[in-house]
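Here are some exercises to work through with the model open in your viewer. Try each task before you read the solution below it.

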Amino acid sequence: MRRHRYARLPRHWRPDRAKARAGIYSACALLVLACAVQRLESVRVTKDAIGGLQLDRPLSDLKALAQNARDTTVADLESSRPAVVFQYPDLLVVGAQHRQALDLSRPADAWTLTGCGGRLPNDVPLCANWQELTRAFGDSGVGSSKFGPAVVRLCGLPNFEFQLDVGENTVGSLETARDLSRVPGTARITRVSILRSAPAWCG
């Protein structure tokens with residue numbers, strides 16, 4: 001059987017550790033830069049604005065700012081409402097009105113956001129888990145779990161409502177026992193709604 005001969009490296013050869021370290025540092029720098037770019041591209045969300053959309057402005061003004069905006073209808077448990085959809089990378093924003101027909105001369109009455117392409121105050125991702133959310137805003141608030149997914153409102157961020165990916169089988173009845181500590185830390189936000197005014201129970 002014929003044996004293959006392999007070229008032997010010189011005994012004095014050593015890998016260039018300086019170049020290896022430089023390559024590692026470059027890779028780390030690129031990763032940090034990519035994370036920074038992703039954070040910059042995330043849409044900033046507050047109670048007054050979603051990115052460049054000022055929520056108290058007429059929908060006609062907001063549609064003029066977004067070429068991909070389109071009219072639609074959203075349905076809830078009791079009825080359907082006219083709305084306008086705004087599409088961002090990894091983020092769907094819907095501004096709905098509580099009326100029969102869409103009136104573009106008026107602002108939206110309610111806003112909902114789905115996706116991970118945005119950031120709440122304190123730089124919290126829109127699809128954060130419960131532990132990240134309450135670390136930033138506390139766990140004082142109220143919730144509901146009787147209509148399916150748990151929906152909670154926090155006093156630390158009173159103009160927002162969060163739908164989570166857990167239900168009554170996990171957290172029990174949030175209406176009967178108002179104890180948000182039963183929400184597991186791994187529960188994740190699936191939808192965010194922005195309220196026009198802060199609820200009175202937050203004081």
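**Exercise 1. Find the strand that holds serine 193, then work out whether serine 193 is buried or exposed and which residues it touches.**

Step 1. Serine 193 belongs to strand 13; helices (H or I, at least four residues) and strands (E, at least two) are DSSP runs, numbered from the N terminus.

Step 2. With a relative accessible area of 11%, serine 193 is buried. The cut-offs here: buried is under 20% relative accessible area, exposed is over 50%, and partly exposed is in between, using a 1.4 Å probe and protein chains only.

Step 3. Leave out residues up to four places away in sequence, and serine 193 touches Trp111, Thr112, Asn159, Phe160 and Glu161. A contact means heavy atoms within 4.5 Å.

Before going on, a word on the ground rules. This is a predicted model, where local features need pLDDT of at least 70 and side-chain atom pairs count only at pLDDT 80 or more, while totals for chains, interfaces and linings use all residues. Residues are numbered from 1 along each chain as its sequence is written, and side-chain values use heavy atoms, with hydrogens and water left out.

**Exercise 2. Place strand 13 in its sheet: which strands pair with it, and over how many bridges?**

Step 1. Write down the order of the open sheet of eight strands: 4-5-6-7-13-12-11-10, with antiparallel pairing. Two strands pair if DSSP finds at least two bridges between them.

Step 2. Take strand 7: it pairs with strand 13 over three bridges, in the antiparallel sense. Tryptophan 111 stands opposite isoleucine 194 of strand 13.

Step 3. Now take strand 12, which is antiparallel to strand 13 and joined to it by five bridges. Here phenylalanine 162 stands opposite valine 192 of strand 13.

**Exercise 3. Go out to the edges: which strands stand there, and what joins strand 10 to strand 11?**

Step 1. In the open sheet with order 4-5-6-7-13-12-11-10, the edges are strand 4 (70-75) and strand 10 (141-144); each has a single partner strand, so one side of each has no neighbour in the sheet.

Step 2. On average, neighbouring strands of this sheet are turned by 30° against each other, direction ignored. Axes are lines fitted to C-alpha atoms (for helices, over the stretch in contact), and angles run from 0 to 180 degrees between N-to-C directions.

Step 3. Strand 10 runs antiparallel to strand 11 (residues 149-154), and four bridges join them. One to look up: glycine 141 has leucine 154 as its bridge partner in strand 11.

**Exercise 4. List the buried residues of helix 3 and find what covers them.**

Step 1. Trp130, Leu133, Thr134 and Phe137 are buried in helix 3.

Step 2. Looking down the axis of helix 3, its buried residues fall within an arc of 90°, so they line one face of the helix. The arc is taken over the directions from the helix axis to the C-beta atoms.

Step 3. Their cover includes strand 8, strand 9, strand 11, strand 12 and strand 13. Helix 3 lies across strand 11, strand 12 (160-167) and strand 13 (189-194), at about 15° to strand 11.

**Exercise 5. Track down the disulfide: which cysteines does it join, and where do they lie?**

Step 1. A disulfide is a pair of cysteine sulfur atoms within 2.5 Å. By this rule there is one disulfide.

Step 2. Cysteine 116 is joined to cysteine 127, at 2.2 Å from S to S. The link of cysteine 116 and cysteine 127 is right-handed, with 125° about the S-S bond.

Step 3. Cysteine 116 sits in the loop between strand 7 (110-115) and strand 8 (118-120), and cysteine 127 in the loop between strand 9 (124-125) and helix 3 (130-137), so the pair ties together parts eleven residues apart in sequence.

Step 4. Cysteine 116 is partly exposed at 37% relative accessibility, whereas cysteine 127 is buried at 16%.

**Exercise 6. Find the loops that hold aspartate 90 and asparagine 122, and check phi for each.**

Step 1. Most residues other than glycine have a negative phi.

Step 2. Aspartate 90 has a positive phi, near 60°. Aspartate 90 is in the loop between strand 5 (80-88) and strand 6 (91-96), and is exposed at 52% relative accessibility.

Step 3. Asparagine 122 also has a positive phi, near 65°. Asparagine 122 is in the loop between strand 8 and strand 9, and is exposed at 57% relative accessibility.
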